[in-house]
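Colleague: Got a minute to go through this one with me? I'd like to pick out a few spots and then step back to the whole thing.

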Amino acid sequence: FFALFLFGTTAHAQKYFTRDAKVKFSSDTPMEKIEAINKSGTCVLDAATGKMEWKVLIKGFLFEKALMQEHFNENYLESSKYPNATFKGEITNLSEVNLSKDGTYTAKVKGKLTMHGVERDVETTGTIKVAGGAITLHSDFVVKCSDYNVKIEAAKVTNISNEINVSVDATLNQMK
């Protein structure tokens with residue numbers, strides 16, 4: 001339903017989809033390393049246009065320590081008020097990425113990332129691997145808490161970095 005809602009249906013365009021994209025993040029400081037993973041991200045990719053949309057449920061991030069997870073949801077990302085992070089964008093070098101031919105390609109992606117009620121333009125690169133009719137996506141990038149009005153209290157600035165390392169991995173299959 002999510003995929004149909006995003007793009008509608010057309011007979012000529014090939015669309016790829018997943019509900020189990022992995023989004024990991026980490027905050028590294030000399031005092032503490034904080035990591036979390038969400039294994040239920042959603043992504044739809046239109047192979048004809050290179051347009052893509054991602055959605056990640058904030059409460060879906062799992063931490064090693066329950067207290068960190070609670071603080072993340074209640075104090076920092078305010079997941080009751082802002083339940084999702086989304087990305088809407090496109091592959092800007094689609095002419096260099098052949099989504100219908102097996103191979104590994106470097107993709108440039110540009111779009112809008114919305115998190116914590118703030119929408120910002122972002123650009124990053126990633127790797128696309130096409131094999132056996134599936135498309136595997138990988139990207140690493142940095143998100144700054146301050147860019148999304150995520151406040152880190154003064155007592156925690158030595159424990160939580162303003163720069164959060166994010167890693168995204170997903171295998172998309174053709175929608176039928």
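**Walking through the model**

Modeller: Let's start at Ile 135, which sits in strand 8. Keep in mind that this is a predicted model.

Colleague: Okay, Ile 135: buried or exposed?

Modeller: Buried, with a relative accessible area of 1%.

Colleague: And what does Ile 135 touch, not counting residues up to four places away in sequence?

Modeller: Quite a list: Tyr 16, Leu 45, Leu 99, Ile 128, Lys 129, Val 130, Ala 170, Thr 171 and Leu 172. Lys 156 is another matter: 21 residues from Ile 135 in sequence, but 40 Å away in space, C-alpha to C-alpha.

Colleague: Switching to helix 2. Which of its residues are buried?

Modeller: Helix 2 covers residues 66–76, and Met 68, Phe 72, Asn 73 and Tyr 76 are the buried ones. Looking down the axis of helix 2, those buried residues fall within an arc of 125°, so they line one face of the helix.

Colleague: What's exposed on the other side of helix 2?

Modeller: Ala 66, Leu 67 and Glu 74.

Colleague: And what covers the buried residues?

Modeller: The cover on helix 2 includes strand 1 (15–28), strand 2 (33–46) and strand 4 (62–63).

Colleague: What happens just after helix 2?

Modeller: Glu 78 takes a positive phi there, about 45°.

Colleague: Where else should I look for a positive phi in a residue other than glycine?

Modeller: Try His 116, where phi is near 55°. His 116 is in the loop between strand 6 (103–115) and strand 7 (118–131). Asn 149 also has a positive phi, near 55°, and Asn 149 belongs to the loop between strand 8 (134–144) and strand 9 (163–174).

Colleague: How about burial for those two? Start with His 116: buried or exposed?

Modeller: His 116 is buried, at 7% relative accessible area. Asn 149 is partly exposed, with a value of 42%.

Colleague: You mentioned strand 1. What's up with Ser 26 in there?

Modeller: Ser 26 is indeed part of strand 1, and with 12% relative accessibility it counts as buried, the cut-off being under 20%.

Colleague: What does Ser 26 touch beyond residues up to four places away in sequence?

Modeller: Two sets of numbers turn up: Ile 34 and Glu 35, then Glu 163, Ile 164 and Asn 165. As for Ala 66 in helix 2, the C-alpha atoms of Ser 26 and Ala 66 are 16 Å apart, with their positions 40 residues apart in sequence.

Colleague: Now strand 2. Where does Gly 41 stand, buried or exposed?

Modeller: Gly 41, which is in strand 2, is buried, with a relative accessible area of 0%. Setting aside neighbours within four places in sequence, Gly 41 contacts Thr 18, Arg 19, Asp 20, Ala 21, Lys 55 and Val 56.

Colleague: And how far is Gly 41 from Thr 29 in space?

Modeller: 27 Å from C-alpha to C-alpha, with the two 12 residues apart in sequence.

Colleague: Hop over to strand 6. What about Thr 114?

Modeller: Thr 114 has its place in strand 6 and is partly exposed, at 23% relative accessible area. Apart from residues up to four places away, Thr 114 touches Asn 84, Ala 85, Thr 86 and Glu 119. Its C-alpha is 6.3 Å from that of Phe 87, 27 residues apart along the chain.

Colleague: Okay, big picture. How many helices and strands are there?

Modeller: Two helices and nine strands, in the order α-β-β-β-β-α-β-β-β-β-β along the sequence. The radius of gyration is 17 Å, close to the 16 Å that the globule rule gives for 176 residues, so the protein is as compact as a globular protein of that length.

Colleague: What does the C-alpha trace span?

Modeller: About 55 × 30 × 25 Å along its principal axes.

Colleague: And how much counts as buried overall?

Modeller: Of the 176 residues, 41%. On contacts with a separation of 6 or more, residues 24 or more positions apart account for 61%.

Colleague: Last topic, then: surface and charges. What are the values for the accessible surface?

Modeller: The accessible surface is about 10100 Å², and 52% of that belongs to carbon and sulfur atoms. For the charges, there are 22 positive and 21 negative, and their mean positions are 4 Å apart.

Methods: Residues numbered from 1 in each chain as written. Predicted model: local features only at pLDDT ≥ 70, side-chain atom pairs only at ≥ 80, totals over all residues. Heavy atoms only, no water. Buried < 20%, exposed > 50% of the residue type's maximum accessible area, 1.4 Å probe, protein only. Helix = DSSP H or I, 4+ residues; strand = E, 2+ residues; numbered from the N terminus. Arc of directions from axis to C-beta. Contact = heavy atoms within 4.5 Å. Rg over C-alpha atoms; globule rule 2.2 N^0.38 Å. Areas by Shrake-Rupley, 256 points an atom, 1.4 Å probe, with all protein chains shown as cover. Lys, Arg positive; Asp, Glu negative; His and termini not counted. Charge placed at Lys NZ, Arg CZ, Asp CG, Glu CD.
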